[in-house]
Amino acid sequence: MSDVRVTYSGLTNFVLSMVGIITGLIFILIITRTVSPQEFGTWNLISNLIFYVIIVEPIISFWATRETARGGKTGKTAILSSGVFSLGAIFVYIILADFMGFQTDANAQVLIFGAILIPATFLNYTLTGINLGWKPHAIGYSRIVFGITEIIAALIFVYYLDWGVSGIIICATLGYVFSITILSIYAREKITNPIKRKFLKVWLKRFWLPLYPEIGSLLKTLDVLIFTIITGSVIGLAFWTAATTISTVVGNSRTISEAMYAKLLQGDRSGILQENLIHMFYFAFPLTAISIIFAKPGLFALNPIYETAALIVILLTFRVFLFTLSVIFQNFIRGIENVDTYEKSTLRDFIKSKLFSIPTVVLIQAAIHVTALTIGLLLLSDRPMMDLLTYWASVELVVQIPFTIYFFIILKRNISFNLDLKSLFKYLLSAIGIFGLVYILLEEYLVYKAEIVEFLPNILLFLGIGVSSYLILTYFIDDRIKRLFHAIIHEIGNR
C-alpha cells in the first residue's frame, strides 16, 4: 500500500497546475492568434466528440485507482484492457464525426482525423488512474510535460506550418505521448506484474458501476452538440471555448485535494480532511478573483474578437468555483465507501452504496441542465449569438448551485469535520480587497494593444502585483498559512 502524502502531493500538483495554466494559456494564445474562430470551434467540437467515446475508459481507471491505493497490482492488465477498448471507441468516433460533418459547417475530414487522439487519450487516462492511487504528484509532472510539448509542437505545426486544426490535433497527440512516458515511469512498479484475466473479469462484471457516473457527464456535455446543431455553426463554440479557457483557471484549486481520495481509500479519516479543504479555499478564492477581473483583458489577449464574451467568463467562473467544490465533495464521499472491498457484495449492496447514489444525483443534475438549455435555445434561436451564449452560461450557474449544497450536506453527514470560518473569511476578504484594487488599476492604466507582445507583459505585471500582494498579506494575518509556507520552504530545503 502506498504512503500517500496528502499535503505534499496536493501542493505539488497545485504548483505544477499553476505552471500548467501558463503553458496552457501560451498554447491557446498560439492557437487563437493563428486559426480562425471557425477552426477554433471545430477543435472544441473534436474535443467533445472524443469525450463522448472515451466514456467506457473509467471501467478500467476507476478500479485501477481503488485497487492500486489498496496495494493491488493490476496495472499491466489495466493498460492492455484500455488499448482494446480504444479500438472500439475509434469506430464509434468516426461515425459521430461523419454525422457532425453533415450537420454543421465543420470540416468532416478534419473531424475524422481527430480519431488519432483516442488511443493516446485512453492510455493517458488509465495511467493517470494508476498513479492517482500510487503517486498522485506524478500526475502534476505529466501535465507540465504535456503542456510544454504542446507549446513546442504548436509553434511548429500551427504557427509556422499553418496546418490549422490538423496541426492542433498533432500537438495534442504528441503531448499525450510524452505525458504517457512520464506516467509510465512513475507507475513502473505497478505495471510490471503479469496480466491476469481475473481482474478484467471482475471489472467487466461490475462495468456498470464506473460507467454509470459517466452517463451524467455524457448527458451534460451534450450541450455542445445541442448548441452547435441548433445554431448550425461552430463559431459560437469558439467564443464559448475562449470564455471557458479563462474561467477554468479556478478549477486548478481542485488539485490540492486529489491525493485525499487515495488517503480515504486507505481508511484514513483523520483531521487532515478539513485542513485540506481550507488549503483548497485559500487558493480557490484568488483564482476566482483573477478569472473575474481579468475576464476582458484575458479574452482580448486570446484574440480581440473574443472580448465581447467577458460576461460569459464571469458567469462561468462562479459556476466553475461551485463545480470544483462539488467534485471535491463527491470524491471525498466516494473515498470512504468500501462496498467494493467485500467479495460477497451483491448488486443490491452496490446500488445502496455511495458509488451509485452520487452519480444518480449527477445524472439528475445533467438532465435538468440539458432540458433547460434545449428549451431555452429553441425559444431564443432567433436572438444574437452572444445572447444564446449568455443564456447557456446562466443555466450552467443556476443549475450548479443547489447540487453543490446537496453534496456538502451529504459529506457532513458522513465525515465529521469543522471548517475554520475565521480563516476562510480572512482569505475571502483578502482576495476581494487585493484584486479589487488590481481591478481599479486595470481600468485606469491598462492599455489594450492588439500586438500580443506589447499587451501580454502588461497583464502579467498586474497579475504579479495581485498574486504577490495576496500571498504576503495572508502570510502575515494567518498563522496557518505562515506554517504552510514554512513547511514548503522546509520541504524544498530537504530536497
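Begin by selecting Ala372, which in this predicted model is found in helix 18, the helix that covers residues 354-379. Ala372 is partly exposed, because its relative accessible area is 25%, a value that lies between the 20% under which a residue counts as buried and the 50% over which it counts as exposed. If you then display its surroundings, leaving aside residues up to four places away in sequence, you will find that Ala372 touches Tyr391 and Val395. Add Glu396 to the selection as well: Ala372 and Glu396 are 24 residues apart in sequence, and their C-alpha atoms are 9.6 Å apart in space.

From helix 18, move to helix 11, residues 222-231, and colour its buried residues, which are Asp223, Val224, Leu225, Ile226, Phe227 and Thr228. These buried residues pack against helix 18, where the tour began, and also against helix 2, helix 4 (75-103), helix 10 (208-220), helix 12 (235-247) and helix 19 (385-414). Just after helix 11 comes Gly232, which takes a positive phi of about 75°.

A positive phi can also be inspected at Asp162, where the angle is about 55° although the residue is not a glycine. To find Asp162, select the loop between helix 7 (137-160) and helix 8 (164-186); with a relative accessible area of 54%, Asp162 is exposed.

Next, show helix 14 (residues 272-293) together with helix 16 (residues 310-335), which pack at an angle of about 165° with their axes 10 Å apart. Helix 14 is therefore roughly antiparallel to helix 16, since angles over 145 degrees are counted in that class. The crossing of helix 14 past helix 16 is right-handed. To see the contact itself, display side chains on both helices: among those of helix 14 are Leu273, Met280, Phe281, Phe285 and Ile292, while helix 16 contributes residues including Val313, Phe318, Phe321, Leu325 and Phe332. Sorted by character, the residues of this contact comprise 15 nonpolar, four polar and no charged.

The last part of the tour concerns aromatic rings, of which the structure holds 23 pairs. Select Phe40 and Tyr306, whose ring centres are 6.1 Å apart and whose planes stand at 45°, so that the pair is tilted. This pair links distant parts of the chain, for Phe40 sits in helix 2 (residues 37-53) and Tyr306 in the loop between helix 15 (295-302) and helix 16, 266 residues apart. Both Phe40 and Tyr306 are buried.

Then turn to Phe300 and Tyr448, where the ring centres are 5.1 Å apart and the planes stand at 85°, so this pair is edge-to-face. Distant parts of the chain are linked here too, with Phe300 in helix 15 and Tyr448 in the loop between helix 20 (421-445) and helix 21 (452-477), 148 residues apart. Are the two partners buried or exposed? Phe300 is buried, because its relative accessible area is 8%, whereas Tyr448, at 29%, is partly exposed.

Finally, select Tyr282, Phe283, Tyr427 and Tyr470 together, and you will have a cluster in which these residues are linked by ring pairs.

Methods:
Residues are numbered from 1 along each chain as its sequence is written. This is a predicted model: local features need pLDDT of at least 70, side-chain atom pairs count only at pLDDT 80 or more; totals for chains, interfaces and linings use all residues. Side-chain values use heavy atoms; hydrogens and water are left out. Axes are lines fitted to C-alpha atoms, for helices over the stretch in contact, and angles run from 0 to 180 degrees between N-to-C directions. Helices (H or I, at least four residues) and strands (E, at least two) are DSSP runs, numbered from the N terminus. Angles under 35 degrees count as roughly parallel, over 145 as roughly antiparallel, 65 to 115 as roughly perpendicular and the rest as oblique. A crossing is left-handed if the near helix is turned anticlockwise from the far one by less than a right angle, and right-handed if clockwise. Contact means heavy atoms within 4.5 Å. Ala, Val, Leu, Ile, Met, Phe, Trp, Tyr, Cys and Pro count as nonpolar, Asp, Glu, Lys and Arg as charged, and the others, Gly among them, as polar. Buried means under 20% relative accessible area, exposed over 50%, partly exposed in between (1.4 Å probe, protein chains only). Rings of Phe, Tyr and Trp (its six-membered ring) pair if their centres lie within 6.5 Å; planes under 30 degrees apart count as stacked, over 60 as edge-to-face and the rest as tilted.
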